[in-house]
2 protein chains.
Amino acid sequence: MTLWALSATDAAAQIREGTLSSVDLTKACLARIEETDPQIGAWAYLNSEQALEQAEAMDALRKQGKPLGALHGLPVGVKDIFDTAEMPTALGSPAHTARQPASDSAAVEKLREAGAVILGKTVTTALAFVSPSATKNPHNPDYSPGGSSAGSAAGIAAGHMPLAIGSQTGGSVNRPASYSGVYGFKPTRGQISRRGALQTSQTLDCVGGFARTLEDTALLTDALTGYDAADPASHMRPKPLILEGYHSEPPVDPAFIYLDIPGFNLTGDMSAAMEEVCDALGQQVERFPAPDSFQHYIAAQLTIHTYEFIRNLDGDPAIAPENTDDVLKRMIAHGQGVSDDAYGEAVVRVAQAESYFAEFFNDYDAILCPASQGIAPLLSENTTGDAVCQKIWTLAGLPTLTLPLFSGENNMPMGLQLVGGQEEDARLFRTARWLEAALSPADPA
Amino acid sequence: MTLWALSATDAAAQIREGTLSSVDLTKACLARIEETDPQIGAWAYLNSEQALEQAEAMDALRKQGKPLGALHGLPVGVKDIFDTAEMPTALGSPAHTARQPASDSAAVEKLREAGAVILGKTVTTALAFVSPSATKNPHNPDYSPGGSSAGSAAGIAAGHMPLAIGSQTGGSVNRPASYSGVYGFKPTRGQISRRGALQTSQTLDCVGGFARTLEDTALLTDALTGYDAADPASHMRPKPLILEGYHSEPPVDPAFIYLDIPGFNLTGDMSAAMEEVCDALGQQVERFPAPDSFQHYIAAQLTIHTYEFIRNLDGDPAIAPENTDDVLKRMIAHGQGVSDDAYGEAVVRVAQAESYFAEFFNDYDAILCPASQGIAPLLSENTTGDAVCQKIWTLAGLPTLTLPLFSGENNMPMGLQLVGGQEEDARLFRTARWLEAALSPADPA
């Protein structure tokens, strides 16, 4: 197997054993990027020398017998809205191309403490919002990888690095993961500190990760979680041990629920894929129509996102007319049209949604949900796709996991989304591993 | 076994399995305190109701299937120099009896995130320095438990709680552990954030822990380590996995070194105990006279400590004459007598010591050293004992572990101290476990 294609878990084990160096792995990733990125455009900032220096430092720690982190020596892509002290952080905006933070964001601190190599900064849509980036889908350059974490999703799909981080306010992790055929996980609200990441919505913003295996996704997330007094969403309760959850066995076969949610407007491909999953799970899945409140949650997400966005970015040149496209201008106008009362009502929906789901997962291990309406949009459509399949869960602060299980038109990937209970991220990974095994064709005897 | 005597490891396992509740364990600890603390005086602040509320919350998380921390439901004593948002933090000074911090210190945050119950605040000597507290040694009330982490060491020895935290600037963790017959561990400089703990010396202050078993000491320390940008000594390199080190086997029998250090002035009891250990280890231990530089390190520790102490406490009523005893007054006077030049020279010794020990542990797994000159001082001697056996290692930022292996005059406990290389805390615990097994009498066949 070529080095760049190694899973994070395998590469970390080899680095630990001394059969692989971080320098060699990083070089392999850099070569893969050099070969494929001209066609993809996943990178906002990449400096081979800086990456290799970090890899050398991680190899040196190993040779000196110093402690090794859970991600020791692994190259990680970082969405360009996370501050990095030694790399610029342009927020995807032409207004900020020269922006150089003084210190690392909390998520980058965690990556470094886990021994990761910060490979570079991946392309984000402008201000992590709706304007499409120029990044192309590695499966077919006519398609978008989605957004806003475009470069992280596309880079993982293209084998640029085993792990990457992104952020989600609507569906910016789970949706591009679906379009790009990779794993994407947004943990329970408050598990990963957002300090030093661009704040677009204090209510909805959250940090998530991308990988090419479920186990790698768990490994990455565990390295990122932790209390931080600087993030008001952070809490001091114990964090889920997600890798432990991944490796554990469900005491009984998990119970799933599939909710028919009006407004999702799934493509035929996706509808058929979801039917197939439900059929395969048989009695393990119950189907219900969604309660009417779900439509309110979907609307509340947009209200909160746009209202808070224009206030967080108030006065920032990045939202000046000369720096925004029509898609972003429409969202800004939407935010300007939201009254304080309407915003207040939307915020109440957050508590309602949290309360609705508080007991929900006593009866079910996970909600089955499409991770996108269908395959990725064509670049010519000038959209990053619709986040409708994520909005309810993001609003409710639930953990959401994209599993790259489907393919649709033109053999383009699509994802299944699993939704779990708050702070039950570890259980969700246990369920996901069971589900993947249940859905995969039996090994030939 | 009575509940209060359970090890942290065993209690945590039982709480995890549901065979023990945090409430029952906390009640058992509170009852033990009620029974024995009138004779000991280990507590600066204790509120049963507050402790039991936390225990109930930890039990509730378990019942709800929420994540459990590594210290889930375990009562932990916190030296009264660590800020606590819900408990006063009096710094051992009559000037600060009503001091109520607004937020938790970093170490307390870590304990809470690990699921611990903050049982209360343990007695510290005034400003974590030299004035003896009224705390009595649980082994014999005529003796001191040492200081400055008097209540944490005494409380662990008396079975008030399975785990406690303290701090060390000279020898304030390892020495009281020696006198009190418990494990005490001060990790490598920079592993545990000092944010929110009383700063007496930015160069020397560090956080450490106490327990009644080696494994518990490892468990506690792992829960406390982590990067914090707010502490200048903190670093983003991966942290040692100390419990993993404890559970690992040395590839070959460890090599020890015993250094004859002039000025230690050991009692006959301690000299004999160290000889016995060296004899038992035979060829596994080499003996050398210490280099002359060690005397400079011992002197530099006092210079830095007193110089920085009076500047950190400048203007604080706690060092006003009416709030200090003669012992502290002498230290203040000493600090006032240190010139800027003398301080500058002492700070250079820190780098020299770090450099001296940087390669040292290529040849040895650990330095064998007494954890105190002998048994605890009598209360009537009006001293917390001499930190001379710790000063060199504290200056050099090395991890130091007290093992309660000896007993001296009047059957009072004394400790063996193991010193390891910087960031080799995990290896030190591996070595310590090997050593304990090597020194314990063989099981009767």
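# The sheets, helices and chain contacts of a two-chain model

In this predicted model, chain A holds an open sheet of 11 strands with mixed pairing, arranged in the order S1-S3-S2-S4-S6-S5-S10-S11-S9-S7-S8. At its edges stand strand S1 (43-46) and strand S8 (285-289) of chain A, each of which pairs on one side only. From one strand to the next, the twist averages 30 degrees. Strands of a sheet pair through backbone hydrogen bonds, either parallel or antiparallel. An antiparallel pair in chain A is formed by strand S10 (residues 400-407) and strand S11 (residues 413-419), over six bridges. Within this pair, Thr402(A) stands opposite Gln417(A) in S11(A).

Helices pack on this sheet. Helix H3 (residues 48-63) of chain A touches strand S2 (75-79) and S3 of chain A, and its direction makes about 155 degrees with that of S3(A). Helix H4 (residues 106-113) of chain A touches S2, S3, strand S4 (163-168) and strand S6 (206-211) of chain A, with a direction at about 150 degrees to that of S3(A).

Helices of chain A also meet one another. Two packed helices are described by the angle between their axes and the distance between the axes. For helix H10 (residues 293-312) and helix H13 (residues 388-396) of chain A, the axes come within 8 Å and cross at roughly 90 degrees. Because angles from 65 to 115 degrees count as roughly perpendicular, H10(A) is roughly perpendicular to H13(A). On the side of H10(A), the contact involves Phe294(A), Tyr297(A), Ile298(A), Ala300(A) and Gln301(A), which meet Val388(A), Lys391(A), Ile392(A), Thr394(A) and Leu395(A) in H13(A). By class, the residues of this contact are seven nonpolar, two polar and one charged.

H10(A) has a further contact, with helix H11 (residues 326-336) of chain A; the two axes come within 8 Å and cross at roughly 95 degrees. Here too the angle makes H10(A) roughly perpendicular to its partner, H11(A). Thr306(A), Tyr307(A), Phe309(A) and Ile310(A) in H10(A) meet Met331(A), Ile332(A), His334(A), Gly335(A) and Gln336(A) in H11(A). The contact of H10(A) with H11(A) has five nonpolar and four polar residues, and no charged ones.

Chain B can be read in the same manner. Its 11 strands form an open sheet in the order S1-S3-S2-S4-S6-S5-S10-S11-S9-S7-S8, with mixed pairing. Strand S1 (43-46) and strand S8 (285-289) of chain B each have a single partner strand, so one side of each is left without a neighbour in the sheet. On average, neighbouring strands of this sheet are turned by 30 degrees against each other, direction ignored. Strand S2 (residues 75-79) and strand S4 (residues 163-168) of chain B pair in the parallel sense over three bridges, and Val76(B) stands opposite Leu163(B) in S4(B). Helix H9 (residues 268-281) of chain B lies across strand S7 (256-260), S8, strand S9 (366-370), strand S10 (400-407) and strand S11 (413-419) of chain B, running at about 50 degrees to S11(B).

In chain B, the axes of helix H2 (residues 22-40) and helix H3 (residues 48-63) come within 8 Å and cross at roughly 155 degrees. This angle makes H2(B) roughly antiparallel to H3(B), and their crossing is right-handed. Ser22(B), Val23(B), Thr26(B) and Leu30(B) of H2(B) make the contact with residues of H3(B), among them Ala51(B), Leu52(B) and Ala55(B). In total, six nonpolar, three polar and two charged residues take part in the contact of H2(B) with H3(B).

Some backbone details lie in loops. Most residues other than glycine have a negative phi, and most peptide bonds are trans. The peptide bond from Gly147(A) to Ser148(A) is cis, with omega near 5 degrees, and Ser148(A) lies in the loop between strand S3 (117-122) and helix H5 (150-157) of chain A. A cis peptide bond also joins Gly147(B) and Ser148(B), with omega about 5 degrees. Asn382(A), in the loop between strand S9 (366-370) and H13 of chain A, has a positive phi near 55 degrees.

How are the two chains related? A rotation of 180 degrees, with 0.0 Å of shift along its axis, superposes chain B on chain A with an RMSD of 0.0 Å. That is the relation of a two-fold axis. The same surface serves both copies, since 100% of the contact residues of chain B recur in chain A. Across the interface, 24 residues of chain B are in contact with 24 residues of chain A. Helix H4 (residues 106-113) of chain B gives the most to the side of chain B that touches chain A, with three residues. That side has 11 nonpolar, five polar and eight charged residues.

Note on methods
Residues are numbered from 1 along each chain as its sequence is written. Chains are lettered from A and ligands numbered from 1 in the order in which they are written. This is a predicted model: local features need pLDDT of at least 70, side-chain atom pairs count only at pLDDT 80 or more; totals for chains, interfaces and linings use all residues. Two residues are in contact if their C-beta atoms, placed from the backbone, lie within 7 Å. Helices (H or I, at least four residues) and strands (E, at least two) are DSSP runs, numbered from the N terminus. Ala, Val, Leu, Ile, Met, Phe, Trp, Tyr, Cys and Pro count as nonpolar, Asp, Glu, Lys and Arg as charged, and the others, Gly among them, as polar. Axes are lines fitted to C-alpha atoms, for helices over the stretch in contact, and angles run from 0 to 180 degrees between N-to-C directions. Angles under 35 degrees count as roughly parallel, over 145 as roughly antiparallel, 65 to 115 as roughly perpendicular and the rest as oblique. Copies are superposed by least squares on the C-alpha atoms of residues with pLDDT of at least 70 in both. Two strands pair if DSSP finds at least two bridges between them. A crossing is left-handed if the near helix is turned anticlockwise from the far one by less than a right angle, and right-handed if clockwise.
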